[in-house]
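Subject: Handover of a structure, with notes

Dear colleague,

I am pleased to hand over the structure below for your files. My notes on it follow, arranged by topic.

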Amino acid sequence: MLISPLSRTKRNSNSKNPMQHLLSIEELNAEKLNALIDLAVDLKATRGNHPELPLSGQTWAMIFTKSSTRTRVSFEVGVRELGGSIMFLSSNDIQLGRGEPIKDTARVLGRMVHGCIIRTFDQQDVIDFSNYGNIPTINALTDAEHPCQILADLLTVKEKLGTWEGKKCVFIGDGDNNMSRSWIWAAKYLGFELVIASPETCLPPSDFMEKVNAPNVSLTTDPVEAIKGADVINTDVWLSMGQEGQKEKEALFGPYQVNEEILKNAAEGHIVLHCLPAYREKEITEQILELHADTIFQQAENRLHAQKAVLATIAR
């Protein structure tokens, strides 16, 4: 029997530690991660026929200072499918673009809308908005973390492999970007083996790894060794948004391309993930992307279902 999104939300609100925002994977735990993935499965199965609409009568705002395709479309569709209305606000549309502090914008919107989805550079902006706005706040990407993408990735792993338990996952590329950090926190809480393969200067810093304190997460500069026996191979662009001009950094990543040769070392039945957009013949070859296109675009679709789970969980 499926539990409706609203029933799950009510149950969550009565728990000792209700989930009020999604700011990072770091702030979650195994119970909350599993609950979100389970709800995403239910919502995907009942799409177009949800028994309840937890955002009915609500208006949500989206504040984006970074461009987007998947994030914007999936959130706009998701809010509407859960019964709500959505307004998109770029930094050029509101006073943030003219220097208004995020805390002032938050205190205004918090009196007018029911929740806010923010895609920006600084993680502190998302934190400040949640503190001053007093409405549910979702991190739709910052330079520090990309929690919604990791939820979609976990949903995809569950659908393709049945579970992440006992699986070896590898993130190859920039080991100190928002994707790799969110994957590291997910591995800590869920217990699967995770290897980060990256040039030495792009590995997560020691203070971050000490903070995470996850013995099941390892770092290496050897991409071939990392992928040996891997069930999940995940990559991302070598230069994150805003870093496009850093050609010296990009030059470090040649050995870290996901290609046919390197995947010979992976486990039989492995899957390849990419959060998109992909730069073919850089971090992944055209051949490999097309070979694994069904999985990669299923992963993109799962942004919708994972984010609907987040919306249904934190809606008030």
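Within what distance do the axes of α6 and helix α13 come, and at roughly what angle do they cross? Please note that the model is predicted. In it, the axes of α6 and α13 (residues 293–314) come within 7 Å and cross at roughly 120 degrees. This crossing of α6 and α13 is right-handed. On the α6 side, the residues that meet α13 include Cys148, Leu151, Ala152, Leu155 and Glu159. Among their counterparts in α13 are Thr295, Gln298, Asn302, Ala306 and Val310.

Helix α6 (residues 147–161) also packs against α2, at an angle of about 70 degrees and with the axes 10 Å apart. That angle makes α2 roughly perpendicular to α6. The crossing of α2 and α6 is right-handed. From α2, Leu33, Leu36, Ile37, Asp38, Ala40, Val41 and Lys44 take part, and they meet Leu151, Leu154, Leu155, Lys158 and Glu159 in α6.

I turn next to the sheets.

One open sheet consists of 4 strands in the order β2-β1-β3-β4, with parallel pairing. Its edge strands are β2 (85–90) and β4 (137–139), each of which pairs on one side only. From one strand to the next, the twist averages 20 degrees. Strands β1 and β2 are joined in the parallel sense over 6 bridges, and Thr59 has Ser85 in β2 as its bridge partner. Helix α3 (residues 70–81) lies across β1, β2, β3 (115–119) and β4, and runs at about 175 degrees to β1.

Another open sheet has 5 strands in the order β7-β6-β5-β8-β9, and here too the pairing is parallel. Strands β7 (217–220) and β9 stand at its edges with a single partner strand each, so one side of each has no neighbour in the sheet. Neighbouring strands of this sheet are turned by 20 degrees against each other on average, direction ignored. Helix α7 (residues 178–190) packs on this sheet and touches β5 (168–172), β6, β7, β8 and β9. The direction of α7 makes about 160 degrees with that of β6.

Towards the β7 edge, strand β6 (residues 193–197) pairs with β7 in the parallel sense over 4 bridges, and Ile196 stands opposite Leu219 in β7. At the β9 edge, strand β8 (residues 232–235) pairs with β9 in the parallel sense over 4 bridges, with His274 in β9 as the bridge partner of Thr235. Within β9 (residues 271–274), Ile271 and Leu273 point one way, whereas Val272 and His274 point the other way. All of these β9 residues are buried.

Finally, one residue deserves a separate entry. Gln58 is placed in the loop between α2 (30–45) and β1 (59–64). Is Gln58 buried or exposed? Its relative accessible area is 7%, and since buried means under 20%, Gln58 counts as buried. The side chain of Gln58 makes a polar contact with the side chain of Trp60, at 2.9 Å. Leaving aside residues up to four places away in sequence, Gln58 touches Gly84, Ser85, His114 and Arg316. Ser85, one of these, is also the bridge partner of Thr59.

With kind regards

Technical notes. Residues numbered from 1 in each chain as written. Predicted model: local features only at pLDDT ≥ 70, side-chain atom pairs only at ≥ 80, totals over all residues. Heavy atoms only, no water. Buried < 20%, exposed > 50% of the residue type's maximum accessible area, 1.4 Å probe, protein only. Helix = DSSP H or I, 4+ residues; strand = E, 2+ residues; numbered from the N terminus. Pairing = 2+ DSSP bridges. Polar contact = N/O pair within 3.5 Å; in protein donor to acceptor, adjacent residues only side chain to side chain. Contact = heavy atoms within 4.5 Å. Axes fitted to C-alpha atoms, helices over the stretch in contact; angles between N-to-C directions. Parallel < 35°, antiparallel > 145°, perpendicular 65-115°, else oblique. Left-handed = near helix turned anticlockwise from the far one by under 90°.
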